[in-house]
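Me: Please take a close look at one part of this structure and work outwards from there. I would like a connected account in plain words, since I am new to reading models.

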Amino acid sequence: MDTSATEQSPKVTLLADYEQPAYLVDEALLQFDLDSAKTRVVSTLTMRKNPQGPEADCILDGEALTLVSLKLDGKKLEGNQFQRTTSQLLIPNLPDKFELEIITEIEPDQNTALEGLYYSGSILCTQCEAEGFRRITYYPDRPDVMSVFTVTIVADREKWPVMLSNGNMEDQGVFDDGRHWVRWHDPHPKPSYLFALVAGDLHVQQDSFTTQSGREVALRIYVDPENKHKCDHALTSLKQAMKWDEDTYGREYDLDVFMIVAVNDFNMGAMENKGLNIFNAACVLATPETATDDDFYTIQSIVAHEYFHNWSGNRVTCRDWFQLSLKEGFTVMRDQSFSADLNSAAVQRIDDVNGLRSMQFAEDAGPMAHPVRPDSYIEISNFYTVTIYEKGAEVVRMINTLVGDEEFRKGTDLYFDRHDGQAVTTDDFVKAIEDANAVDLSQFKRWYEQAGTPELTIDTNYDPIEHRFTLTVTQACPATPGQATKQPFHIPLAVGLLDKSGTSLDMQLEDEAEPHHGDTRILSVTEASQTFEFINVSSEPLASVLRGFSAPVKLKYDLSNHQLAFLMVNDKDSFNRWDAGQKLIINILLELVADIQQNNPLVLSSLLVNQFERILTDKKLDPALIAKMLTLPTENYLAAQMTTPDVDAIHQAREFLKRNIAVSLKGLFNQTYEKLSVKKAYDFNADDMAMRSLKNVCLSYLVASGDPLQLQRCLRQMKQADNMTELLAGLRLMVDQSGLERENALRSFYEQWKQDRQVVDKWLAVQAASTLPDTLIRVKGLMKHEAFSIKNPNNVRALIGMFCRNNPVHFHAKDGSGYRFLAEQILVLDKLNPQVAARMLGALNSWRRYDEQRQQLMKQALESIAEQQDLSADVYEIVTKYLA
Ligand code: PHE
Ligand code: ZN
């Protein structure tokens, strides 16, 4: 019999199969005897039958555990009194109430998957979301089982002086034999995925925060002693987040202490464990010398994100993992508005939409497309996606837009109030908003159920005699795996009308008595095709639609390059100004691509040069926005705009455009660069950040102009920089220049920073993104460098991830070398860390969009993975869905 097929087909979990848990855990007492080689866990669970649950045996999850003993109400259970498989423990015939004592042993230093209890450098730490707790002890490891945890940790005092878990510290003591113990108690019932434990020789930086009701909270950041100078920014961000959540959502912190720990080995960005957030060191540590402005920005938002989870995720959690976006979409939406409030709202929106359109739209158009609330999965770790997070955030944002700010706040108040301490669904979230405001969001809920990016077509017509302006909106959504047809979405469409001089026109729909004043109004689109008639429109307007990107859709709105150029300088909405500029640039670049393909001579668009000049000299425009508007779309984004991407022509077209704009406007770039080069000490604030970003954009054009003197200027900037933003910007430009200066720049950068992991990762990433022809050979060489370990996810993402995702010219090399390289690495990684391996596969998401030859090569790479025996469920699921 052929068993490989069954071995290779891991179980599919369906939303439709959801059942309440048969047994509940009221209390969990955990005792850890810590040791990196063998840790002993004694778990005492106070359990009872769930009155609402099904009649079923008690099943506990458990993976890679050694079971030492099992006791029921104090009596040892013999082997014939329970059943054990590789993933479960089944105990039949249980009373309605009972106490289970389970003793297991685990091996943290063998754990390279970084799930459960593992060793990172010299720190022992846990990662339990989504299903890591079952690698610590047997437990009903599902989010709808919420329990009060008390955790005692015992360990060698010298080796593990700091021992942390969730909640408040209750007691501690010392034994005679050199060991010590500590007991933590978390009064808030929580699911097992929020459990955390950390032990190590850690430095702590302390601060405090007084909540709105006067509660004093101790704030502590724990780091390896070598990182003790890198905590300030995270602490500041944390206090900003705590204050903001009180002011904006009325949410207050609920324990005596809030702790953050930084670890070097982490699969994701950070984790919101109750009272004890664990962070990827790269997402929390920063000094101006070692972190760029973008890093500072990201750290501020991730610290806030994890903190916000204390309410949106922890106090109110998810019923099952299909509801993941309940906490993630909402929390991303919250961190995005936090960042918008603290920094530039326009820049924040541009960055968020840019990320969504380049990553999530590709996911929605590919083989892994899934709804914001999926209905099936093989491996839940594969569903921590841009759809769940970023599209999920857009969905919550649309609800806010449709109901209004005050109404939305009323809705979230009701949601937190009604469901505090519960594990709920996205339907419960929507219901709370509806109930608080008497609105009907039933059609809107399709955003949670239907995958794919809707396409919105806009047609307009002006009747100069009747003074009527007609706006027709047609929506359609392409088929996605498992969903052939779609129902119309409920779409908030933000529009404004501009006259020839760029002035906003009043908007009065034909059934309205009064015109709407103000620049923008929200139209509610619910039908497949819908017409809006504006009356009393005195002159022919130009409609600016989807302002602020009011819905995550693809817009088909045929504007001429001149109309785009007009909006680029005149639109009242900053986002749409930027977007009009991007569309204009894309039109021009795609024409250049066509010219390259047909061997036509390439010409520079004077229209674009004129607009760039106007933007660059606009004194009223925020320099951060100027920098964004002068930044050309990435090659990947351009590839997504073509039916069949032509990687080489795209690269060539983009280089041509950049170089020629640079040559045309060299004087202006030069002048702006010099003006922004005033020496002043580094500070992280919106104004200074804006200046640095514009300065670096100017430098990149100057270098692109091809003038060798500009390289000297680039080297000078690197030499003089007192911050990583300016240093790295210089290095990025240098790595695309072959020659001795490049090698020297890379060598001295490494010599200066080799002790600093965060900086070394930048050094790896910069080289992986180089356009020079020998990049893959160099990447392979760097894998043998002392700076690289395949077991460290940040190293892998910096080098292999960067090459495969952000170096399209070399990754898509015609000989297939990039694809083969990726396949080889995935197979190595799958044995060590399946989650990281599965993520790397994302680089092949769009493989079916490429030309015949490349498709064939990518398919071969995928098949070479699919052929392997014993693939992890993570890689198996993605590879089979890609090939399906
Ligand atoms: N829940 C984390 C967050 O988004 C992400 C995460 C998921 C971290 C799974 C680790 C494992 O805040
Ligand atoms: Zn999150």
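**A close look at the ligand site and its surroundings**

Reply: A starting point is the stretch of residues 234–447, which is 55% helix and 9% strand, with its end C-alpha atoms 34 Å apart. The UniProt record, an unreviewed entry, gives these residues the name "domain: Peptidase M1 membrane alanine aminopeptidase". Keep in mind throughout that the model is predicted.

The part to look at closely is the shell around ligand 1. Among the residues around ligand 1 are Asn267, Met268, Ala270, Met271 and Glu272. The shell also includes His305, Glu306, His309, Glu328 and Tyr384. Gln127 and Glu129 belong to the shell too. Two elements, β20 (270–271) and α3 (293–308), each give at least two residues to this shell. Sorted by class, the shell has four nonpolar, four polar and four charged residues.

Glu129 deserves a second look. The peptide bond that joins Glu129 to Ala130 is cis, with omega at about -5°. Ala130 sits in the loop between β11 and β12 (147–156). Thus the shell residue Glu129 is also one partner in a cis peptide bond.

The next step outwards is the division of the protein into domains. The assignment gives domain 1 (25–201), domain 2 (202–281), domain 3 (316–448) and domain 4 (455–551). The centres of domain 1 and domain 2, taken over C-alpha atoms, are separated by 25 Å. Where these two domains meet, 22 residues of domain 1 are in contact with 20 residues of domain 2. On the domain 1 side, β11 (123–127), β13 (162–165), β15 (179–190) and β16 (197–200) are the elements that give two or more residues. That side of domain 1 divides into nine nonpolar, nine polar and four charged residues. So β11 appears twice in this account: at the contact with domain 2, and at one end of the loop that holds Ala130.

UniProt also names a feature over residues 30–194, "domain: Aminopeptidase N-like N-terminal", again from an unreviewed entry. This span is 0% helix and 53% strand, and its end C-alpha atoms lie 14 Å apart. One backbone detail to check is Leu114, which is in the loop between β9 (97–106) and β10 (116–120). Leu114 is not a glycine, yet its phi is positive, at about 60°.

For contrast, turn to some helices further along the chain. The axes of helix α17 (residues 686–704) and α18 come within 8 Å and cross at roughly 145°, and the crossing is left-handed. From α17, Leu699, Leu702 and Val703 meet Gln710, Leu711, Arg713, Cys714 and Gln717 of α18. This contact has five nonpolar, two polar and one charged residues.

Helix α18 (residues 708–720) also packs against helix α19 (residues 724–734), at an angle of about 145° and with the axes 8 Å apart. This crossing is left-handed as well. Here α18 contributes Cys714, Gln717 and Met718, while α19 contributes Glu726, Leu727, Gly730, Leu731, Leu733 and Met734. By class, the contact of α18 with α19 has six nonpolar, two polar and one charged residues. Cys714 and Gln717 of α18 therefore take part in both contacts, the one with α17 and the one with α19, where two residues count as in contact if their C-beta atoms, placed from the backbone, lie within 7 Å.

Key
Residues are numbered from 1 along each chain as its sequence is written. Chains are lettered from A and ligands numbered from 1 in the order in which they are written. This is a predicted model: local features need pLDDT of at least 70, side-chain atom pairs count only at pLDDT 80 or more; totals for chains, interfaces and linings use all residues. UniProt positions are given in the numbering used here, feature names are shortened, and annotations may be inferred rather than shown by experiment. Helices (H or I, at least four residues) and strands (E, at least two) are DSSP runs, numbered from the N terminus. Axes are lines fitted to C-alpha atoms, for helices over the stretch in contact, and angles run from 0 to 180 degrees between N-to-C directions. A crossing is left-handed if the near helix is turned anticlockwise from the far one by less than a right angle, and right-handed if clockwise. Ala, Val, Leu, Ile, Met, Phe, Trp, Tyr, Cys and Pro count as nonpolar, Asp, Glu, Lys and Arg as charged, and the others, Gly among them, as polar. Domain bounds come from an automatic or database domain assignment. A residue is near a molecule or strand if its C-beta atom, placed from the backbone, lies within 6 Å of it.
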